[in-house]
Amino acid sequence: MRRIVILTVLFVIAGWGCRKDVPTVLIRAVSEYRAGRYDTSTDHVVWMFGISPYDTPQVSINGYPVDIYSAWMDGYFVWDSVPPISSGQEVELNLQFKDLNESDREASAINEVPPVPKLTLVSIDSLHMVVSWESPDPEKVDFVLFHASITCRDTGWNFESGEYDTLISDLEMNTVKVYVPRACSPYPVPIEHTHAYFLLSFVSAPWSGEGDNVKGAKGQYFAVATVSDTVSWNRDTTTTVTYPVPKHDPRKIYDLLSKYFGHPYGE
C-alpha cells in the first residue's frame, strides 16, 4: 500500500514537471458602432494570443455568441456583426478558451460605446483636405482616430493614391488638415481631381497604458463609434462626381489601434 502511495506521488510530481511555462494570454478586442451616409452597422473584432491551437474558443458579446472564427499563426481572430450595438450602450465581452497548457481559462471586459462624432466641416481641393467635428465629452471619449484614403488624378487620367491617419489624444483639438499632394505623392501635375474616403472614430479605452481593462487575461477592449463618408473635388466646378461609400472593413480600426498601441507581442 505504501509503495502505491509513493508511486502515485512520484507520478503527480512528474506530471507537474511536464507542464511548461507559456506566454501570457493576450486579448485585444474592438466593438464598433458605425454611422455611414445612409445606414448604421456593427462590427466586433477579437484577437486572442497565447491560446491553444487545438481548441475553438467561445466568445460572446452581451450574451450573444460570436461565431465567425479564423485561426492565424500568431493568434485567433474572431469577427461578427451580432449583436447590433448603439451609441451609449454598455457592451460586455466574455471569453472561454484553453491556454497553451490546455488549461481552461475565462476572461471578460465591460465598456461603453461612446457618442457618434458630429461633423461640422468636410472639404477637399487640390491642396488640402479638412475635417472638423464637435469636441467630445472627455468623460466618454479617451481619444480620436482619423483615417483617410486619398486619390489624385490629372487631366490625362493618371492616378496616384495614398493614406493618412492620426491619433488625437488632446480632445480640444477637433480639426484634421491633410496636405493632399503629400498624401498622393508622387502626385500627378496638375491635379485635376481629388477624392477621399475617411473614417473618424471616437474611442473609449478605460486604461492608461499601464493597465488593462480585461479581467482574467492581459489585454484591452476598445469601444468605438465611427462616422465615414467620401468627399471629392474637381477643377472644373461644373462637373460633380458622387462616389459610393466603400464597404466597411472591420479590421481597419483594429489595424489602426495596433499601429498606435503596438502588436500585443511587440512585433
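The following paragraphs lead through selected strands, one helix and one histidine of this structure. The model is predicted.

A suitable starting point is strand 15, which spans residues 218-234. Of its 17 residues, 14 are buried, so the rest of the structure largely encloses this strand. Two pairings of strand 15 may be considered in turn. With strand 1, residues 26-35, strand 15 pairs in the parallel sense through 10 bridges. Within this pairing, G219 of strand 15 is the bridge partner of I27. With strand 14, residues 193-204, the sense is antiparallel, and 12 bridges connect the two strands. Here T194 has W233 of strand 15 as its bridge partner. Strand 15 thus takes part in a parallel pairing with strand 1 and an antiparallel pairing with strand 14.

Attention now turns to helix 3, formed by residues 251-261, in which I253, Y254, L256, L257 and S258 are buried. Against which strands do the buried residues of helix 3 pack? They pack against strand 1, strand 14 and strand 15, and also against strand 2 (40-49), strand 11 (143-153) and strand 12 (159-168). Helix 3 is followed by G262, which has a positive phi, near 90 degrees.

One of the strands packed against by helix 3 is strand 11, and H147 lies in that strand. Is H147 buried or exposed? Its relative accessible area is 2%; the threshold for a buried residue is under 20%, and H147 is therefore classed as buried. The side chain of H147 forms a polar contact of 3.4 Å with the side chain of S149. When residues up to four places away in sequence are set aside, H147 touches E163, Y164, D165, Y197, F198, L199, K252 and L256. Among these contacts, L256 is also one of the buried residues of helix 3.

A further set of pairings centres on strand 3, residues 58-61, which runs antiparallel to strand 7, residues 90-98, with 4 bridges between them. In this pairing, Q58 is matched with Q96 of strand 7 as its bridge partner. Strand 3 is also joined to strand 4, residues 64-66, in the antiparallel sense by 3 bridges. There, P65 of strand 4 stands opposite S60. Strand 3 and strand 4 make up a hairpin in which 2 residues separate the strands. N62, located in the turn of this hairpin, has a positive phi of about 50 degrees.

Technical notes
Residues are numbered from 1 along each chain as its sequence is written. This is a predicted model: local features need pLDDT of at least 70, side-chain atom pairs count only at pLDDT 80 or more; totals for chains, interfaces and linings use all residues. Side-chain values use heavy atoms; hydrogens and water are left out. Buried means under 20% relative accessible area, exposed over 50%, partly exposed in between (1.4 Å probe, protein chains only). Two strands pair if DSSP finds at least two bridges between them. Contact means heavy atoms within 4.5 Å. A polar contact is a pair of N or O atoms within 3.5 Å; within protein, one must be able to donate a hydrogen and the other to accept it, and residues adjacent in sequence count only if both atoms are side-chain atoms.
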